[in-house]
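Visitor: I have a structure to look at and some questions about it. Can you guide me through?

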Amino acid sequence: MNPRLVRVAVLGSTGSIGCNALDALSGLRETHELAALTGHRNISKLLDQARRFRPRWIVATDEQAASEDWSGLPAGTELKTGMDGVREVVGHPEVDLVLAAIVGIAGLSGTWWALEAGKDVALANKESLVAAGPLVMGLARERGCQIIPVDSEHSAIFQALRAGRSSDEVRRIILTASGGPFREYTTEQMRHVSVEDALCHPTWDMGAKITIDSATMMNKALEIIEARWLFDMPAEKIDVVIHPQSIVHSLVEFHDGSVLAQMSPPDMRLPIHYALTYPERMPGPGAPLDLAEQGTLEFFAPDEARFPALGLGREVAAAGGSAGAILNAANESAVALFLDKKLSFHEIVPVCRSVLDHHHFEPNPSLEQLWEADGWARREVTRWITC
Ligand code: NAD
Ligand code: MG
């Protein structure tokens, strides 16, 4: 084995980010090696990926996984099952970098165990930081690990921040948002949104949960909180601007008035590639940006009356403590109910507001207390819909 290869574990390889990550890794065969893949329920896709990439391990995390037919597993690939398998592979000395791309709070454990084991993390799972930002960042500092963002906005900010020497030089950061499919809908129109309408995103092709989050703009609320902890930036220094073309991925304004933006055609393989190759810049998959062809880049102030999730995000980013875990869990639970057609689209954000308003705020929660808060918020959402 070539010792110079970066050995990567991709958690959530069967998802949208996971598949893009495998694509990005295919172009990095001289510098990177795929050590491990994990998937939850889509066993045939996981097996297919195992046959194509021949990793040392695959982990099937769902409880039923052990009883599946694994006869198609290639020689040289070892199967592990359950979350213990994730813990084992991210902690293995022959894994250098963990790409955390499991969706939802289920992704927190993998991120946590990777950092605990001293591994750098390419972080797509924003929920890890939304729910447990101070603890996750504290653990990374303590173990001397780097968290490199994969979320396109945070990757843009991370890249632009390399132009300044310290966070003291930053006046504010500006997150761009496509505005989602209902950017121009009235509040009345939003009362009649179906699951099928909400699953159609205008610029990005993503997993179901984040696609619904983009439609309610809860995704941007979660990203405000993610940025608050990742960049140690107070909530009042984080702004949001609507940019429907998704070419400018976010911006940093420095104290002298200079504003640096990172741009590219929308393609998640680019921030993934950057996170995998950081701190180098290697030839990558990004198509060239033709601004003349693009023609127009538009920017609008968000309408917080139609998209109240944004206010929730700012509030939770300022509050810290247990608030992030509560908002994250309430939203995850409400989105699952919406996808199951048991809750209306326009009720998702009010349910989150109600659960947040009723929770017992804990300013310095432990990880165990955050898991309890998560469970409580999910039960509250269920109670809300049955009342
Ligand atoms: P997805 O639904 O397409 O894929 C999720 C992956 O997680 C799958 O591999 C699935 O098998 C696995 N998974 C699901 N439930 C699990 C569980 N309980 N335990 C273990 N594994 C489980 O999601 P996605 O769109 O790829 O998003 C993944 C993460 O990346 C999310 O946190 C999302 O917010 C973030 N993100 C996604 C995009 C995007 O373009 N898709 C952009 C920015 C950030
Ligand atoms: Mg994003």
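**The metal and the ligand**

Guide: This is a predicted model. Three residues serve as protein donors to the magnesium ion (ligand 2): Asp151 (OD), Glu153 (OE) and Glu223 (OE). They lie 2.1 to 2.2 Å from the ion.

Visitor: How are the donor residues of the magnesium ion (ligand 2) spaced in sequence?

Guide: The donors are Asp151, Glu153 and Glu223. Written as a pattern, their spacing is D-x1-E-x69-E.

Visitor: How many residues apart in sequence are the parts that Glu153 and Glu223 tie together?

Guide: Glu153 sits in helix 6 (residues 152–160). Glu223 sits in helix 10 (residues 218–230). The pair therefore ties together parts whose separation in sequence is 70 residues.

Visitor: Are Glu153 and Glu223 buried or exposed?

Guide: Buried means under 20% relative accessible area. Glu153 and Glu223 are both buried.

Visitor: Which backbone atom of His40 lies 3.0 Å from an oxygen atom of ligand 1, and how much of ligand 1 does the protein bury?

Guide: For His40, the atom is a backbone N or O. Taken alone, ligand 1 exposes 820 Å². Of that area, the protein buries 86%.

Visitor: Which helices each supply at least two residues of the shell around ligand 1?

Guide: The shell divides into 9 nonpolar, 10 polar and 3 charged residues. Among the 22 residues around ligand 1, those that come nearest are Thr14, Ser16, Ile17, Glu127 and Gly207. The helices that each supply at least two shell residues are helix 1 (16–26) and helix 5 (126–143).

Key
Residues are numbered from 1 along each chain as its sequence is written. Chains are lettered from A and ligands numbered from 1 in the order in which they are written. This is a predicted model: local features need pLDDT of at least 70, side-chain atom pairs count only at pLDDT 80 or more; totals for chains, interfaces and linings use all residues. Side-chain values use heavy atoms; hydrogens and water are left out. Donors are N, O and S atoms within 2.8 Å of the metal (3.2 Å for Na, K and Ca); water is not among the atoms, so sites may look incomplete. Helices (H or I, at least four residues) and strands (E, at least two) are DSSP runs, numbered from the N terminus. Buried means under 20% relative accessible area, exposed over 50%, partly exposed in between (1.4 Å probe, protein chains only). A residue is near a molecule or strand if one of its heavy atoms lies within 4 Å of it. A polar contact is a pair of N or O atoms within 3.5 Å; within protein, one must be able to donate a hydrogen and the other to accept it, and residues adjacent in sequence count only if both atoms are side-chain atoms. Accessible areas come from the Shrake-Rupley method with a 1.4 Å probe; for residues, only the protein chains shown count as cover. Ala, Val, Leu, Ile, Met, Phe, Trp, Tyr, Cys and Pro count as nonpolar, Asp, Glu, Lys and Arg as charged, and the others, Gly among them, as polar.
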